[in-house]
Amino acid sequence: MIELRTPTEIEQMRPAGRFVADVLVRLAEAADVGVNLLELDALAHEMIRGRGAESCYIDYHPSFGAMPFGKVLCTSVNDAVLHGLPHDYRLRDGDLLSLDFAASVDGWVSDSAISLVVGTPDQQDLDLIDTASRALDAGIAAAQAGGRIGDISAAIAAVAHGEGLSINTDFGGHGVGRTMHGDPHVPNNGRAGRGYPLKPGLVIAIEPWFLQTTDKLYTDADGWTLRSGDGSRGAHMEHTIAITPDGPVVLTARD
Ligand code: MG
């Protein structure tokens with residue numbers, strides 16, 4: 001079921017968006033060579049407790065998960081791109097790190113992700129992150145009342161295809177509200193003018209993610225982390241946005 005939020009409810013969703021943005025800024029500052037992924041998860045957990053927020057991940061146990069997630073943050077390194085389960089790993093120079101974080105504040109969820117390079121960057125990694133970032137911007141720009149979900153999908157895909165990337169549509173954006181995942185699905189590829197109408201009050205996460213040379217994923221032995229089928233690296237960028245008559249509002253904006 002797709003739920004539409006009133007302008008008042010969208011205002012009530014802003015603190016969650018602000019909090020999720022603040023956590024990602026803090027984590028990106030903390031992520032450095034030698035820092036353990038478990039330390040990043042602990043930092044996010046500390047911020048959740050400090051804010052009186054609730055994690056969307058720690059008890060998350062969908063049909064495809066081997067067990068409850070048990071952490072509050074997704075940390076995906078190099079060939080891992082989605083659902084990276086934090087584990088005892090110290091970041092190394094040149095690692096491509098994706099951080100995905102969702103939390104509930106005052107009963108409303110926000111969900112956002114960023115990718116970054118720790119230490120000395122490889123140009124190819126920076127380019128992949130830039131492509132994901134531009135795809136996110138294009139998807140947000142297409143999220144206009146009166147349009148359709150396919151407008152967002154097509155805008156994202158145009159950026160990826162312009163860089164010769166192939167797109168996996170198994171995992172993509174989604175409705176966001178009282179819980180982390182709702183309808184509609186927002187695929188990272190599709191046809192403009194198709195799909196659910198973009199009505200004022202629709203709140204969705206838009207989340208392009210790409211792999212350098214494949215669109216195939218496999219699940220790591222940890223039961224969660226999704227890695228590229230060919231070992232190439234991945235990047236992932238995500239914002240939670242609200243459709244309004246005046247255009248899209250980015251609830252998880254970091255500035
Ligand atoms: Mg997310």
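Tutor: On a 1 Å grid over the protein atoms alone, a pocket is an open set of points with protein on both sides within 12 Å along at least five of seven lines; its lining residues have an atom within 4 Å of a point. Grid points join across faces, edges and corners, and a volume is the space filled by probe spheres set on them. This is a predicted model: local features need pLDDT of at least 70, side-chain atom pairs count only at pLDDT 80 or more, and totals for chains, interfaces and linings use all residues. Residues are numbered from 1 along each chain as its sequence is written, and side-chain values use heavy atoms, without hydrogens or water.

Student: What is the volume of the largest pocket?

Tutor: Its lining holds 20 residues. Tyr60, Phe64, His83, His181 and Glu207 lie nearest the centre. The volume is about 350 Å³.

Student: How many residues of that lining are nonpolar, polar and charged?

Tutor: Ala, Val, Leu, Ile, Met, Phe, Trp, Tyr, Cys and Pro count as nonpolar; Asp, Glu, Lys and Arg as charged; the others, Gly among them, as polar. On that scheme the lining divides into ten nonpolar, six polar and four charged.

Student: Which residues coordinate the magnesium ion?

Tutor: Donors are N, O and S atoms within 2.8 Å of the metal (3.2 Å for Na, K and Ca); water is not among the atoms, so sites may look incomplete. The contacts run from 2.0 to 2.8 Å, with Asp100 listed twice through OD. In sequence the donor residues are spaced D-x10-D-x126-E. They are Asp100, Asp111 and Glu238.

Student: Are Asp100 and Asp111 buried or exposed?

Tutor: Asp100 sits in strand E4 (residues 96-105) and Asp111 in strand E5 (residues 108-117). Strands (E, at least two residues) are DSSP runs numbered from the N terminus. Buried means under 20% relative accessible area, exposed over 50%, partly exposed in between (1.4 Å probe, protein chains only). Both aspartates are buried.

Student: How do the planes of Phe69 and Trp224 meet, stacked or edge-to-face?

Tutor: Rings of Phe, Tyr and Trp (its six-membered ring) pair if their centres lie within 6.5 Å; planes under 30 degrees apart count as stacked, over 60 as edge-to-face and the rest as tilted. The whole structure has four aromatic pairs. In this one the centres are 5.0 Å apart and the planes at 90°. The pair is edge-to-face.

Student: How far apart in sequence are the parts that this pair ties together?

Tutor: Phe69 is buried at 6% relative accessibility, and Trp224 is buried at 3%. Ring pairs also link Tyr57 and Tyr60 with them into a cluster. Phe69 lies in the loop between E1 (54-55) and E2 (74-77), Trp224 in the loop between E10 (217-219) and E11 (226-228), so the parts tied together are apart by 155 residues.

Student: Which residue lies over the face of Trp108?

Tutor: A charge sits over a ring if NZ of Lys or CZ of Arg is within 6 Å of the ring centre and within 35 degrees of the ring normal. Here the distance from the ring centre is 3.8 Å. The residue is Arg178.

Student: Is Asp106 buried or exposed?

Tutor: Asp106 is in the loop between E4 and E5. Its phi is near 55°, positive in a residue other than glycine. Its relative accessible area is 56%, so Asp106 is exposed.

Terms used:
Helices (H or I, at least four residues) and strands (E, at least two) are DSSP runs, numbered from the N terminus. On a 1 Å grid over the protein atoms alone, a cavity is a set of points where a 1.4 Å probe fits but cannot get out, and a pocket is an open set with protein on both sides within 12 Å along at least five of seven lines; lining residues have an atom within 4 Å of a point.
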